[in-house]
Amino acid sequence: MSELRLFDPLALDPIDDTFRALMRPWRLGALDVAPRIKIDLSEQDGSYLVKAEIPGVKKEDIDVRIDDDLVTISAEAKSQKEEKEGGRVICKERQEGYASRSFTLACPVDEARAEANYKDGVLALKLPKKAATSTKRLAIQ
């Protein structure tokens, strides 16, 4: 049975397991600094449908930009100020920071008809394809 594994650049070197185990906590802590945007992309009825998971972000902090066939989704997860009297944080797993995700589609998008909805941490985009423009043949004189 095959299993999915994360890419481990130290596994490519002939380094013994004890050294690799010592380095692992340091590397994994640095990778999770900013939130990640995960997307599902599908095509239906002349439109692209995008669902992007952006939990813990207000819709005012999400920016979607469309430039022909390039789509960029960016978001900033801001932390709340916490006031504690005599307490301490034992574990903080909620991520904060800036995340951005860009991808290119096969056809240009009609920006004027594009729709975006954000509910329960999921951004849903409906990106209609731009009508194909006909090419004009020039007569050579």
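## Serine 47 in strand β2

Serine 47 has its place in strand β2, and that makes a handy spot to begin a tour of this predicted model. Is serine 47 buried or exposed? Its relative accessible area is 5%, so serine 47 counts as buried. Leaving out residues up to four places away in sequence, serine 47 touches Ser42, Lys126, Leu127, Pro128 and Lys129.

One of those contacts, Lys129, leads on to an aromatic ring. The charged end of lysine 129 sits over the ring of tyrosine 48, at 5.1 Å from the ring centre. As for pairs of aromatic rings, the count is zero.

## The overall layout

Stepping back, the protein has one helix and seven strands. Along the sequence they follow the pattern α-β-β-β-β-β-β-β.

Two figures help to describe the chain as a whole. Of its 141 residues, 21% count as buried. Among contacts between residues at least 6 apart in sequence, 53% join residues at least 24 apart.

## The four-stranded sheet

Strand β2, the home of serine 47, belongs to an open sheet of four strands, arranged in the order β1-β2-β7-β6 with antiparallel pairing. The edge strands here are β1 (38-44) and β6 (115-119), each of which pairs on one side only. On average, neighbouring strands of this sheet are turned by 15° against each other, direction ignored.

How many bridges join β2 to β7? There are seven, and the two strands run antiparallel. For a landmark to find in the structure, try lysine 51, which stands opposite alanine 124 in β7.

## The three-stranded sheet

Another open sheet is made of three strands in the order β3-β4-β5, again with antiparallel pairing. Which strands stand at its edges? They are β3 (62-67) and β5; each has a single partner strand, so one side of each is left without a neighbour in the sheet. Neighbouring strands of this sheet are turned by 10° against each other on average, direction ignored.

Six bridges join β3 to β4, and these strands run antiparallel. Isoleucine 62, for example, has alanine 75 in β4 as its bridge partner.

Following the chain onward brings us to lysine 78, in the loop between β4 and β5. Its relative accessibility is 52%, so lysine 78 counts as exposed. Lysine 78 and lysine 58 are 20 residues apart in sequence, and their C-alpha atoms are 9.0 Å apart in space.

## The nonpolar core

The largest nonpolar core holds 18 residues, and those that touch the most other members are Ile54, Ile73, Leu105, Leu123 and Leu127. Two or more residues each come from β2 (47-53), β4 (70-77), β5 (97-104) and β7 (122-128). Strands of both sheets therefore contribute to this core, with β2 and β7 from the four-stranded sheet and β4 and β5 from the three-stranded one. The largest share, four residues, comes from β4.

Isoleucine 73 is worth a closer look. Which residues is isoleucine 73 in contact with, leaving aside its neighbours within four places in sequence? They are Ile37, Val50, Ala52, Ile54, Asp63, Val64, Ala99, Ser100, Arg101, Phe103, Leu123 and Leu125. Two of these partners, Ile54 and Leu123, are also among the core residues that touch the most other members.

Methods
Residues numbered from 1 in each chain as written. Predicted model: local features only at pLDDT ≥ 70, side-chain atom pairs only at ≥ 80, totals over all residues. Heavy atoms only, no water. Core = buried A, V, L, I, M, F, W, Y, C linked by side-chain atoms within 4.5 Å. Buried < 20%, exposed > 50% of the residue type's maximum accessible area, 1.4 Å probe, protein only. Contact = heavy atoms within 4.5 Å. Phe/Tyr/Trp six-rings, centres within 6.5 Å; stacked < 30°, edge-to-face > 60°. Lys NZ or Arg CZ within 6 Å of the ring centre and 35° of its normal. Pairing = 2+ DSSP bridges. Axes fitted to C-alpha atoms, helices over the stretch in contact; angles between N-to-C directions.
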